[in-house]
Amino acid sequence: HDLPANIRLAVHLLAGTLMIFWGGNKLNNLGDLLFIGDISLGYLGVPFTLFCVACSINAVNMTDGVDGLLGGLALVTLLLMGYLALSAGLNDTFMFIGVLACCLIGFLALNFRFPWRARAAIFMGDAGSTVLGFILAWLLIDLAREGACPPAVTLWLIALPLLDCACVMIKRRREGRGMFTAGRDHLHHLLLDFGFSVRQTVMIIYGIAFSLGLFGVIANELHLHESAVFLSFLALLGSYIVAVPKLSRALHEGRLRKIGSR
C-alpha cells in the first residue's frame, strides 16, 4: 500500500522518539561548527535529533533506485563507521555494525547485477530502505554522542544520500512538484542517461560515496577543526546543488537536439 508522505513522516518521528526516550540516543552537542566554540542544543536536542532521523531515513529511502545501489551505499557507510567505532573502543557498536554489514553482503549477493545475472533476484523495497535509514541514523548519532567522531564528520559518512536528496527536493520544489514524488532526477538517473550500465552506475556511486566518507574518516584521524570539516561539507552541498541540475539539463537538451537532427 502506498502511504502518504505525511503518514510516513509521522512514523519516522515516532521511531525517532522511541530512539531518544527508550534508547537514550540523542544529540546534545553539535561541536564547534562555526569557529565559535561548542554548540550545546539544550532543549533543542530532541527536535534536532528527530530532524536528523527524518533526514537520514528519507535520504536513504530516496537513494534506492537501481539494483545493488542502496545496499552497497549502506555497506560503505557501515565499514567506515565500523572503523571509527573500533578505533574509539566501542566494541558492542562495532560488533553490531559487523553483523549488519554481513547481512548486507548476503543481500547484495542476490541484489547486485553480476556478469552472470542480468537482474536482481531479490529487492529491498521501502520497508528495507526505511529500516536501513533509521539504523544508520541511530549509529551515526551514537558515534557522535560517544565521542568516536564529531557530528560534522558524520555528515561525510552519509554524504552522498544527503547531497542527492537535498538536490532533488530543491529541484522539485522549484518546479512546483511535490518533494516526495517520483522522478528521474537522481544521480543514478543522470549516470544512466550518460550511457553507463546499471552495474557501472552503481560502482561509480560506490566510489564517490567511499571517497567522501573516507575524507570524513581522515579528517577525524588528523583532528581537523570541526568548523573546517562542516564548512567544507556545506561548500560541497552548494556545489552539488548547482552543478548536477545544470549537467542534467545540458545532457537533456543535447539529447533533444540529437533527436531533432535525425
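This tour moves from the whole protein chain to its surface and then to individual cysteines.

The model is predicted, with local features requiring pLDDT of at least 70 and side-chain atom pairs counting only at pLDDT 80 or more, while totals for chains, interfaces and linings use all residues. Residues are numbered from 1 along each chain as its sequence is written, and side-chain values use heavy atoms, leaving out hydrogens and water.

Select the protein chain and display it as a cartoon. It contains 10 helices and zero strands, where helices (H or I, at least four residues) and strands (E, at least two) are DSSP runs. The radius of gyration, taken over C-alpha atoms, is 19 Å, close to the 18 Å that the globule rule (2.2 Å times the number of residues to the power 0.38) gives for 262 residues, so the chain is as compact as a globular protein of that length. Reduced to its C-alpha trace, the chain spans about 60 × 40 × 40 Å along its principal axes.

Next, colour by accessibility. Buried residues (under 20% relative accessible area, 1.4 Å probe, protein chains only) make up 45% of the 262. Then select the charged side chains, with Lys and Arg counted as positive and Asp and Glu as negative. There are 19 positive and 16 negative side chains, and the centres of the two sets lie 14 Å apart.

Finally, select the cysteines. The structure holds zero disulfides, a disulfide being a pair of cysteine sulfur atoms within 2.5 Å. For Cys-103, the nearest cysteine sulfur is that of Cys-102, 7.1 Å away. For Cys-167, the nearest is that of Cys-165, 9.9 Å away. Cys-167 is buried, with a relative accessible area of 4%.

Terms used. Buried < 20%, exposed > 50% of the residue type's maximum accessible area, 1.4 Å probe, protein only. Charge placed at Lys NZ, Arg CZ, Asp CG, Glu CD.
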